[in-house]
Protein chains: 2
Amino acid sequence: MTTIKDVARDAGVSIGTVSKVINGVHVRDEYYQRVDASIRKLNYRVNLNARGLKAQRTNDIAVIVPTLENPFFPPMVDAIEKELTEKGKRMLICISRNDRNKLHGYIEMARNNRVDGIFGVTYSNIDDDILEHMPIVSFDRHFKPSIPCVASDNFSGGELAARTLVEKGCKKLLCFWTGSDYDCEPSKRIKGFQQYCLRNHVEHNVLSYMDYEQVDTGFMYISQIYRDMVRNIIQAHSENGKFEFDGIFCSSDHLALVVKEELEGIGIRVPQEVQIIGFDGIQIMNGGKPIVSSIQQPVAQIAQTGVRMLLQLIEEGSAESVVDLPVRFVEGGTTRQ
Amino acid sequence: MTTIKDVARDAGVSIGTVSKVINGVHVRDEYYQRVDASIRKLNYRVNLNARGLKAQRTNDIAVIVPTLENPFFPPMVDAIEKELTEKGKRMLICISRNDRNKLHGYIEMARNNRVDGIFGVTYSNIDDDILEHMPIVSFDRHFKPSIPCVASDNFSGGELAARTLVEKGCKKLLCFWTGSDYDCEPSKRIKGFQQYCLRNHVEHNVLSYMDYEQVDTGFMYISQIYRDMVRNIIQAHSENGKFEFDGIFCSSDHLALVVKEELEGIGIRVPQEVQIIGFDGIQIMNGGKPIVSSIQQPVAQIAQTGVRMLLQLIEEGSAESVVDLPVRFVEGGTTRQ
């Protein structure tokens, strides 16, 4: 059977480029033409129907998420389920609470052939050895080179947030970061923000707090410890009812909402005095108004791309990371129109 | 080993009453005292630790939900996971999309001993025979007498909605119902609403539309068909920019939000001209402001009670329904303060 490696060799491109073409991700037109020609010439196709016939396949896929309380995850999991169903797979969702033992338990379950592969959304560490010989696609996180990662274009998201705040009149920007550590794809948001500010001589600062694993035992939005921390930081940077910065890029929508509430709590008006942009694009009722102005992640595309990568990994033993899915700015009341 | 039946016999009460005492649900003090005395006398305890030792137990529980896009379900599933973890169980979530085939597939999986029991949230029909000999607890829905059901006190919720609207000055009430059919616990909301209005001579009407299974292929909030239907109904009951009713009780928060948006779309102010109360108590970020004024379901208590019923069912072969978990009114901007 023709594999993705044969196509890559014939077209003279990397496996990643072939993977992108198959997954509908944009590549340079020249590469697209070459890959397309090789696919036709070699009669290559991702053989989905044959999969269930192979020994010890269950056609079940586990999706691991830290929690369903954070409203970013449920619509993504829902979208993953739609993709898997379309491909004849069934999905089991597991909640890890970023607990290493729970995570290991689910991966063991997969290893014992109770599922064929794992779509993992996790911000806790995993022992290296447990990841051997197990088809896993990771969202946002690089564990090791053999585990492909799917993510939004976080760097461009950070740039876009900084540029949007400047275009809306902000003079002194803050990047307010809580959560994930610097190994994750999301940390590129900070780098994108910083690069835009440096290149355009925008006064700015970055405040980064806490490791995700230490805090996210409960959902942070309703955690009083988290709220108190945000309040203390805001107070430390306020004087005479005025906040030191007039534009804030927050690492997530839920941080943005807490920051908005805490600023308003000390009489600072949003967006009149301070404008805020979050990250994720969470909407009321998953389809209504954004809860804050935000850099929106392409949830459906993350699901579609991640599932295709995972099925390719199960079928062919390898798949390339895709970490540049396009983000966009959405207006949600915390920036001026 | 002493079973729940022995306790019931000794105390001279029903198994359901013992179940309620064990689950911390309120019963008359006299019954509580008798059950408590019998539990002590017979040294009865729900033996959780012994469960994993029994043959063919996996300690895995499946939770089936129609979708994760409706924001009522994710926090409930999250709360169920917390309860199950505390009891040494692991949870696998399955999304059914109210598709009978998918549902049957998950129940078959359970039957093949890949899970020990099922917590089912489903508004589609299930073949009777597939439910035999399978520990299932149902949320909101009565399938057959052997399947215990956990639900909020929907009747009181309907009463409370009507009373609250009247207390806030409404003179002519509408109960606007879409979704579930009349076999479900939620349909008691309509009866509670009607009883309050009849007893208190409040002018009212009930508009009921559609069977859930026909509509909920996608999430209704973002469905244009659903929105168009709501718009048409509102227009049919409006004249010269005035809506026929000044207080609306909606079957869910998402209907309430659509009704609010559609009323505002034709220039009718909420809550100044028309007040709206939904049902569920969905909050922004699962802990923030309610998205509409609502009758809030006790999500944590539903999870706690349902899990205890399911573990009892797995262990002892029977458990009694609990369908009177207390609801409360929450202010969310669509009623006058």
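In chain B, the residues B:Asp6, B:Val7, B:Asp10 and B:Ala11 of helix H1(B) meet B:Arg34, B:Val35, B:Ser38, B:Ile39, B:Lys41 and B:Leu42 of helix H3(B), where two residues are in contact if their C-beta atoms, placed from the backbone, lie within 7 Å. The residues of this contact divide into five nonpolar, one polar and four charged, with Ala, Val, Leu, Ile, Met, Phe, Trp, Tyr, Cys and Pro counted as nonpolar, Asp, Glu, Lys and Arg as charged, and the others, Gly among them, as polar.

This is a predicted model, in which local features need pLDDT of at least 70 and side-chain atom pairs count only at pLDDT 80 or more, whereas totals for chains, interfaces and linings use all residues. Residues are numbered from 1 along each chain as its sequence is written, while chains are lettered from A and ligands numbered from 1 in the order in which they are written.

H1(B), residues 4-11, and H3(B), residues 29-42, pack at an angle of about 125° with their axes 9 Å apart; axes are lines fitted to C-alpha atoms, for helices over the stretch in contact, and angles run from 0 to 180 degrees between N-to-C directions. H1(B) and H3(B) are therefore oblique to each other, given that angles under 35 degrees count as roughly parallel, over 145 as roughly antiparallel, 65 to 115 as roughly perpendicular and the rest as oblique.

Chain A contains eleven helices and 14 strands, these being DSSP runs numbered from the N terminus (helices H or I, at least four residues; strands E, at least two).

The contact between the chains takes 28 residues from chain A and 28 residues from chain B. Four elements of chain A each supply at least two residues of the side that touches chain B:

| Element of chain A | Residues |
|---|---|
| Helix H4 | 73-86 |
| Strand E2 | 90-95 |
| Helix H5 | 100-114 |
| Helix H10 | 253-265 |

The largest share of that side, six residues, comes from E2(A), and its residues divide into 17 nonpolar, six polar and five charged. Because 100% of the interface residues of chain A are also interface residues in chain B, the copies meet through the same surface.

A rotation of 180° with 0.0 Å of shift along its axis superposes chain A on chain B, with an RMSD of 0.0 Å, the fit being by least squares on the C-alpha atoms of residues with pLDDT of at least 70 in both. The two copies are thus related as by a two-fold rotation axis, and in chain A the C-alpha nearest the axis is that of A:Ile93, 2.3 Å from it.
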